[in-house]
Structures are given as structure tokens and as C-alpha cells.
Amino acid sequence: MQSNYSNDVKIIAGKYKGKILKVLDAEGLRPTPSRVRETVFTWIKDSLEGAKVLDLFAGSGALGFEAVSRGASSLTMIELDKNNAQNLKNTASGFKNENIIVHNTDALKFLENDTGTYDIVFVDPPYKLDVYSKVLSTLLKRKLINDSTLIYVEMRNGSNQAVPGFEIFKEECAGAAKYALWRKSQLLF
């Protein structure tokens with residue numbers, strides 16, 4: 001019998017350190033490598049305790065579950081693929097007493113209807129979607145972020161993206177990925 005899982009991802013720190021996340025074999029699903037996650041979580045470590053986290057295009061869930069392991073108070077995961085959303089729900093059930101919600105829906109539709117405000121947002125869509133500008137603009141327009149919200153954005157290495165109202169304040173590349181921390185622009189217009 002063939003498994004539907006392509007590989008495992010391990011949580012690298014926090015109270016769930018070492019916990020294995022099963023990753024489905026699905027088109028466009030590319031879990032964030034542990035060395036990239038380590039860098040990102042070093043960048044955001046001072047903002048994690050008690051944070052409300054939104055993981056758009058949740059995929060493997062590695063970013064969101066890592067945030068919970070490191071002290072986030074809530075996690076909202078958005079995943080369009082039905083099977084993968086169910087896999088994330090199954091995984092979330094293993095995080096005892098944590099406030100984790102998985103929505104099986106389109107990320108942009110979710111943003112258009114959401115009323116929450118988030119401290120940390122992960123934006124890591126399949127590269128072919130090219131929805132960065134639309135997602136970030138919607139976060140701003142719908143007031144789903146505040147002045148201190150940190151937004152992790154991952155895109156194909158070599159891509160350049162600028163979105164009015166935002167600034168990139170940390171950025172690195174690893175293999176095929178370019179990843180950065182964004183925030184609302186501190187400049188007054």
C-alpha cells in the first residue's frame with residue numbers, strides 16, 4: 001500500500017520540539033526547510049509569546065505549528081486543498097489544549113470576510129499563484145494587521161515584489177526561495 005505522505009517535517013524548537021508533522025504528497029506543496037524556519041523564528045522570536053498567528057496557504061503547517069510550539073496563543077490556518085486541510089486538522093488535534101483553527105477555503109476569500117487582527121502573518125503561497133500584492137493589500141485594506149504586525153513572505157528566488165503601504169526590513173535567500181519580513185510602512189505619505 002502506497003502512502004499519500006511525501007515526507008515528514010519536524011518542529012525544531014519550543015514545547016513541541018521534535019514533534020513530527022506528516023506532509024501530504026500534493027502539487028505545489030513545499031514545506032519550509034528547517035534552516036529557513038530557524039532564521040525566520042530567530043527574526044520574530046520577541047513577538048511570538050501570546051501572538052495571534054495567521055498562516056495563509058498553510059501547506060505543511062510547519063510555520064504555523066512552529067509558532068504555536070514557540071508560544072503563539074492562537075493559530076488560524078487557511079488551506080484550499082481539502083485533503084491537506086483535513087491532514088492539518090488531524091495534526092492540530094495532537095496539539096493538546098491549543099487554540100488552532102483550520103479553514104478549508106481560498107485565502108483571499110477568507111481575508112475578504114475575516115474580522116480578526118493578527119500579530120504575525122505567514123504568506124507562503126504556491127509560487128505560480130503570484131498573489132502577494134493582492135494578499136498584502138487586502139490585509140491592509142481590511143485592517144487585519146496593525147503597525148507592529150510581522151508578515152513573513154516567501155517567493156521564488158529572483159522575484160521582486162513591492163506593495164504600496166509596506167516595507168521589507170529583513171530578507172534572505174536559500175536555494176529556490178527568497179524570504180522576507182514585511183511590515184506596514186513606517187513612512188508617512
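In this predicted model, Lys141 forms a salt bridge with Glu112, and the closest N and O atoms of the two side chains are 3.6 Å apart. The pair joins distant parts of the chain, since Lys141 belongs to helix α5 (residues 132-141) and Glu112 to helix α4 (residues 107-113), with the two positions 29 residues apart in sequence numbering. The two partners can be described by their accessibility as well: Lys141 is exposed, with a relative accessible area of 57%, whereas Glu112 is partly exposed, at 33%.

The structure holds 8 salt bridges, among them the pair just described and two further pairs that are set beside it in the table.

| Salt bridge | Closest N to O distance |
|---|---|
| Lys141 and Glu112 | 3.6 Å |
| Lys184 and Asp147 | 3.1 Å |
| Glu171 and Lys178 | 3.9 Å |

The bridge between Lys184 and Asp147 has its closest N and O atoms 3.1 Å apart. Because Lys184 lies in strand β9 (residues 177-184) and Asp147 in strand β7 (residues 145-156), this pair ties together parts of the chain that are 37 residues apart in sequence. Asp147 counts as exposed, with a relative accessibility of 55%.

In the salt bridge of Glu171 with Lys178, Glu171 counts as partly exposed at 42% relative accessibility, while Lys178 counts as buried at 8%.

Salt bridges also occur as a network, in which Arg37, Glu38, Glu66 and Arg70 are linked. One member of this network, Glu66, is listed among the buried residues of helix α2, together with Ala62, Leu63, Gly64, Phe65, Ala67, Val68 and Ser69. Helix α2 (residues 62-69) is mostly covered, and 8 of its 8 residues are buried. Just after this helix, Gly71 takes a positive phi of about 120°.

Helix α5, which carries Lys141, has a buried set made up of Tyr132, Val135, Leu136, Thr138 and Leu139. These residues cover an arc of only 160° around the axis, which means that they lie on the same side of α5. The elements against which the buried residues of α5 pack are β3 (52-56), α4, β6 (118-123), β7, β8 (166-174) and β9. Just after α5, a positive phi of about 55° is found at Lys143.

Within helix α5, Thr138 can be followed in more detail. Thr138 counts as buried, at 2% relative accessibility, and a polar atom of its side chain lies 2.7 Å from the backbone oxygen of Lys134. When residues up to four places away in sequence are not counted, Thr138 touches Leu108, Leu111 and Glu112; of these, Glu112 is the residue that forms the salt bridge with Lys141.

Turning to the aromatic residues, a search of the whole structure finds 7 aromatic pairs. One of them is formed by Phe166 and Trp182, whose rings meet edge-to-face, with 6.4 Å from centre to centre and 65° between the planes. This pair, too, links distant parts of the chain, with Phe166 in strand β8 and Trp182 in strand β9, 16 residues apart. Phe166 counts as buried at 10% relative accessibility, and Trp182 likewise counts as buried, at 2%. In addition, Phe41, Trp43, Phe122, Tyr152 and Tyr179 form one aromatic cluster.

Charged side chains are placed over aromatic rings as well. Lys19 lies over the face of Phe95, at 5.2 Å from the ring centre, and the charged end of Lys52 sits over the ring of Tyr118, 5.6 Å from its centre.

A last position to consider is Thr32, in the loop between β2 (20-24) and α1 (34-44). Thr32 is buried, with a relative accessible area of 4%. Leaving aside neighbours within four places in sequence, Thr32 is in contact with Arg37, Leu63, Asp124, Tyr152 and Glu154. Several of these partners have appeared above: Arg37 takes part in the network of salt bridges, Leu63 is one of the buried residues of α2, and Tyr152 belongs to the aromatic cluster. The C-alpha atoms of Thr32 and Ala177 are separated by 9.2 Å, although these residues are 145 residues apart along the chain.

Note on methods. Residues numbered from 1 in each chain as written. Predicted model: local features only at pLDDT ≥ 70, side-chain atom pairs only at ≥ 80, totals over all residues. Heavy atoms only, no water. Salt bridge = Lys/Arg side-chain N within 4 Å of Asp/Glu carboxyl O. Helix = DSSP H or I, 4+ residues; strand = E, 2+ residues; numbered from the N terminus. Buried < 20%, exposed > 50% of the residue type's maximum accessible area, 1.4 Å probe, protein only. Arc of directions from axis to C-beta. Contact = heavy atoms within 4.5 Å. Polar contact = N/O pair within 3.5 Å; in protein donor to acceptor, adjacent residues only side chain to side chain. Phe/Tyr/Trp six-rings, centres within 6.5 Å; stacked < 30°, edge-to-face > 60°. Lys NZ or Arg CZ within 6 Å of the ring centre and 35° of its normal.
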